[in-house]
Amino acid sequence: MSFVYPIDHDVIVVGAGHAGCEAALAAARLGRRVLVLTGNLETIAHMSCNPAIGGVAKGHLVREIDALGGEMARAIDDTGIHFRRLNTNKGPAVRSTRAQADKLRYRARMRRALEAEAGISLKQAEVTALCTEAGPVTLSGAAGTRAARPRVVGVETQGGVTFRARAVVLTTGTFLRGVIHVGEESRAGGRAGEAPAASLSASLLRLGFPLARLKTGTPCRLDGRTIDRTGLEVQAGDTPPPRFSWWTDPASAPPLPQVVCWVTYTSERTHQIIRDNLHRSPLYAGRIEGVGPRYCPSIEDKVVRFADKERHQIFLEPEGIDTHEVYPNGVSTSLPYEVQLAFMRSIGGLERVELLRPGYAVEYDFVNPTELEPWLETRRVAGLFHAGQLNGTSGYEEAAAQGQLAGINAALATAPGAVRPEPFVLARDEAYGGVLVDDLCTRGTEEPYRIMTARAEYRLSLREHNVDERLLPRARALGLCPDARWRALEAGQAARAGALAALAATRVAVSGAVADVLGAHGTSALREPASLLELLRRPELDFAALARVADAAGVRLPELGAADAERLEVDLKYQGYLAREATEAQRQRELEHVHLGDLDYSALAGLSREAREKLERVRPTSVGQAARIPGVTPAAISVLLVHTAAERRRRGRTATKPGA
Amino acid sequence: MADTIAAIATAAGAGGVGIIRISGPDAELVLRRVAPGLPAVVESHRLTLARVVLAGQVVDQALVVLMRAPRSYTGEDVAEVHAHGGAVHLGRLLEGVLAAGARAAGPGEFTRRAFAAGRIDLTRAEAVADLVAAEGERAVRVAAAQLAGGLERRVRGLRAEVVALLAEVEATIDFPGEGLELIERGELSRRAGLVAAGARALAQSFRVGRVLRDGLEVALVGAPNAGKSSLLNALVGRERAVVSAEPGTTRDFVEARVSWAGAAVTLIDTPGEREVGGVEGRALELARVRAEQADVRVVVVDASAGAGGVGVGVGANRRQVTGDRGQAPGHEGGSGGSGGSGGGEGRAEVVVLNKCDVVGEAERALMRERVGAAVEVSALTGAGLGELVEAVLGAVGVAEGGGDETVVVTSARQAELLAGCAVAATAASEGAARGAHEELVAADLRAALVALSAVLGEGVGEDVIDAVFARFCIGK
């Protein structure tokens, strides 16, 4: 009855959302034969919730994906209809790009990218089980030695077809035993109108994975023709529109026409309607057991938890250029249909609004990511990788970043040759992707996890603008950085170094004209000649101001593009802060190089019970990771360091300094 | 590459010679900063006599040794200062070493480095594993004991305030355009400034805390035959110093230990101050250094000697602390931002009019006019000794039977962290007032938070993010 598909693949990607697409592309671009299995070929890279990519910290992730050879940045640049730079006045490190997408075109654009990749084959099929084989597997290097565990060899699908592969990337989104709630109505579903994955959960349970439930929600969608926009605030995109991908010419116009969004607010009547109907909300009636995200509360939650707030802001975001569908950002809900209609019509400009589809909450299974190695492979099953909402995250960008890392590592795990290459792990001081994955694997999560800049302790070092210096060397080592982009990095570095030298060498003499310009910028006059470099270090002077000083002094300012000028300025002005972060990162990295592997923590004297339990659950790969587990104290870290040193010597290896 | 750490390597409370150990790439640099007289080339593993200089003052003649990597305990460059005296003196030297660029070593850190470098063999490793674990636990217990009561509450209070302020700044950064009602910059600056002041006060309480932990050195100085030895004997209550009517009987210094208000006090009797040469002169020089470095100098003046007896030592440029109102020197003036291990603060001084039993009121009034406020005592009758004890304790901020001494910092590491917190919170406060980018204000507040968390032996965790969600209605 079972048919084994005659062609073997290296990597199977289950799911074709934002995680699945990047996983498949990364593995294929590293030369693997990739099979993508999705329940519905029409919804590849579908934006189930808001029609936007990027935002604070998320924009950073998108650019990182771009630097590592991914697709998301190029796809949104091609299909964006409203681009903005956020946080422009809060500092260069937290400036982030965000764009509204034409939802349909984004999907088509991503599907084209998959179809253009020779190594990818796409098939529509619902995966029902993982196929595994027993067998000891020894990993090399950072992986250390892990005990014998089953190995994934393929997947079974609903039609009875078995596909074989040496690695599998699971990206199940909200589909694992998905249940959709609208008011008193609940039904099985992974997304409105789409069937859930009903059997795969059982397969995961059989392999020993503990499953838990999360919940997320989405607002209703509106018919734009029934919105009265008179009197609503307009929010336009930036001019010129900022873009995500290095491959996009920043001076070019976006291919699609640009649109505006509108801003409106809930009213006291809105809140009253919601309060009167709370008992009909599945969340408040206790029918939802899954935990929802705090940063993305339903409007029911907002009204209850922040009862003293008079109004809540709502952005009205168009879903595309040739549809009237509008996404009301800020009113996620699972109240009954008639209540949704009533409260939406109590909002300014929406008095006669028609709903295209109701909002709903969805509950789904996830596997706590403490089950994962920092390269997203499960510890229970070799060759099995998890990415996206399956790991408890939310957000397209978070999913895509994990998908890309999982895809890269699935490709490395199936590399030809006897010795498996070192896994690809991003460090916390290197990328938001590193912060994201380390947070997940080390701390786990109990609510849908969203990236934020506040999670990055090396935030000032992780800027959108320096993504090339941070990640292109890593991409190049993998073979994912085309020569053109590498040359551009080198050219930029040379230009900045040249400008720096010229600034240091150019002296400004003391003169009345110079004093006037300096005074106009609120900084003190020169007492003795100074170099342009010294002047640029002053907090009051940026590159543009420096140009005026140079004019007044009759000296030449070295030529530098605007982006390079900003980078040079940040490096100069943030020197002290960046050095502090670098010192701390270096100290941390030494601990990252002390590997732990499969320790028997119960045999270690001196560990507190809490520390032992936490270490056994997370099974950190290094002392550095162990130190970030909540509940593992400095005393416990001392015990681990001493033990690893003793072990090293017992095995008779030459002792080396950590990090050396 | 690791940073450079330092700690007192000899057991606390042991007398004689104590060792400060410095390990790390900058060990030699740090050593040279505190012992600037060292020759340009120092042979490894060779003891050298050197003057230890803190804040421009020679504080000790010590043996120093440099052990270059990898032939050292930790396998790194190690420098050691073998210094004179007890815990107080060593504590002060350690502060100087920290100010010269080393970081206070955490529990077991030297041992850990020794392991990492493979300097300890396997059999010892097994034994030391338990030791380090125990050391860690003891450190936790000690820290818990230190933190019991007021200090912990104060540090937790500061930490909660930093978390609240950071939540405000992080919310503006991570959730722009959500119409959040955020704190004004002026208010942010003011509150960050209060955190800085609170942390600084705690860091400075280390001076008092150290007295409670390590004890107090009190030097009796004054003209020959002013009655220093008699006073010491009276304070100790038994014959300790050799007393004779001949001026200058005390050739070397004499120490005695007493306990005042729970603080261990070392009384040091020094030879009378006069010009001497030769070998004896060098001994006197050492005594002078010792007296300079004592926590409190008690300047003994012979009330019966008339104007000529006032002599040297009643310093015009010294802080005087009188008998009736004690004041902790660290709590005033010195907040000039050096932030912490204050090596340069002036020593407290108490002036005593001795032999008050043999002079009349008129004469005493005359002396008071000359020397300023003074405690009047008689070593012979014991009159005024209680007031003297009170004055000495008051001079270092320890009030007998009262005061706020539960809220003091007693470890150099905690003091360093709190001082670091004060510096960071000050930077945040100034940044907020100046209109610096939010991300920089946040970076400074975060540094303050990390320091406060370390005092409590905790991580930073998710507290800030939790606070953001608790405080603000956020989300699409």
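I take a residue as buried if 20 or more other C-beta atoms lie within 10 Å of its own. The model I am reading is a predicted one.

**Entry 1, chain A overall.** By that cut-off, I find that buried residues make up 52% of the 660 residues in chain A. I looked up the secondary structure next and noted 20 helices and 23 strands. For overall dimensions, I read a C-alpha trace that spans about 90 × 80 × 50 Å along its principal axes. Does the radius of gyration suit a compact globule, or what else does it show? I have 27 Å for chain A, and a compact globule with 660 residues would be near 26 Å, so the value agrees. Of the contacts in chain A with a separation of 6 or more, I note that 74% come from residues 24 or more positions apart.

**Entry 2, domains of chain A.** I looked up the division of the chain and found four entries: domain 1 (3-217 + 364-478), domain 2 (221-361), domain 3 (494-577) and domain 4 (593-650). Domain 1 is written as two segments, 3-217 and 364-478. I also checked one distance, and the centres of domain 3 and domain 4 of chain A, taken over C-alpha atoms, are separated by 50 Å.

**Entry 3, a sheet in chain A.** I followed an open sheet of 4 strands in chain A, with the order 12-11-20-13 and antiparallel pairing. Which strands stand at the edges? They are strand 12 (185-188) and strand 13 (211-218) of chain A; each has a single partner strand, so one side of each is left without a neighbour in the sheet. Ignoring direction, I read an average turn of 25° between neighbouring strands of this sheet. I then went to one pair: strand 11 (residues 179-182) and strand 12 of chain A are joined in the antiparallel sense over 4 bridges. Within strand 12 of chain A, Ser186(A) is the residue that His181(A) stands opposite.

**Entry 4, helix 18 of chain A.** I listed the buried residues of this helix, residues 609-618, and they are Ala611(A), Lys614(A), Leu615(A) and Val618(A). Their arc around the axis is only 100°, which puts them on the same side of helix 18 of chain A. The general rule I keep in mind is that an α-helix has 3.6 residues a turn, so residues three or four places apart point the same way. On the other side of helix 18 of chain A, I find Arg609(A) and Glu616(A) exposed. After the helix comes Arg619(A), and I note its positive phi, near 45°.

**Entry 5, chain B overall.** I count 14 helices and 12 strands in chain B. Of its 476 residues, 51% are buried. Among contacts between residues of chain B at least 6 apart in sequence, I read that 70% join residues at least 24 apart.

**Entry 6, helix 1 and Val64(B).** In helix 1 (residues 27-34) of chain B, I find Ala27(B), Val30(B), Leu31(B) and Val34(B) buried. They cover an arc of only 100° around the axis, and therefore lie on the same side of helix 1 of chain B. One of these, Leu31(B), is touched by Val64(B), so I looked up Val64(B), which has 24 other C-beta atoms within 10 Å and is buried. Val64(B) sits in strand 4 (residues 57-67) of chain B. Leaving out residues up to four places away in sequence, I list its other contacts as Ala35(B), Thr48(B), Ala50(B), Ala79(B), Glu80(B) and Val81(B). I also noted that Val64(B) and Ile19(B), 45 residues apart in sequence, are 9.3 Å apart in space, C-alpha to C-alpha.

Notes. Residues are numbered from 1 along each chain as its sequence is written. Chains are lettered from A and ligands numbered from 1 in the order in which they are written. This is a predicted model: local features need pLDDT of at least 70, side-chain atom pairs count only at pLDDT 80 or more; totals for chains, interfaces and linings use all residues. A residue is buried if 20 or more other C-beta atoms lie within 10 Å of its own, exposed if 12 or fewer, and partly exposed in between; C-beta atoms are placed from the backbone. Helices (H or I, at least four residues) and strands (E, at least two) are DSSP runs, numbered from the N terminus. The arc is that of the directions from the helix axis to the C-beta atoms. The radius of gyration is taken over C-alpha atoms; the globule rule is 2.2 Å times the number of residues to the power 0.38. Two residues are in contact if their C-beta atoms, placed from the backbone, lie within 7 Å. Domain bounds come from an automatic or database domain assignment. Two strands pair if DSSP finds at least two bridges between them. Axes are lines fitted to C-alpha atoms, for helices over the stretch in contact, and angles run from 0 to 180 degrees between N-to-C directions.
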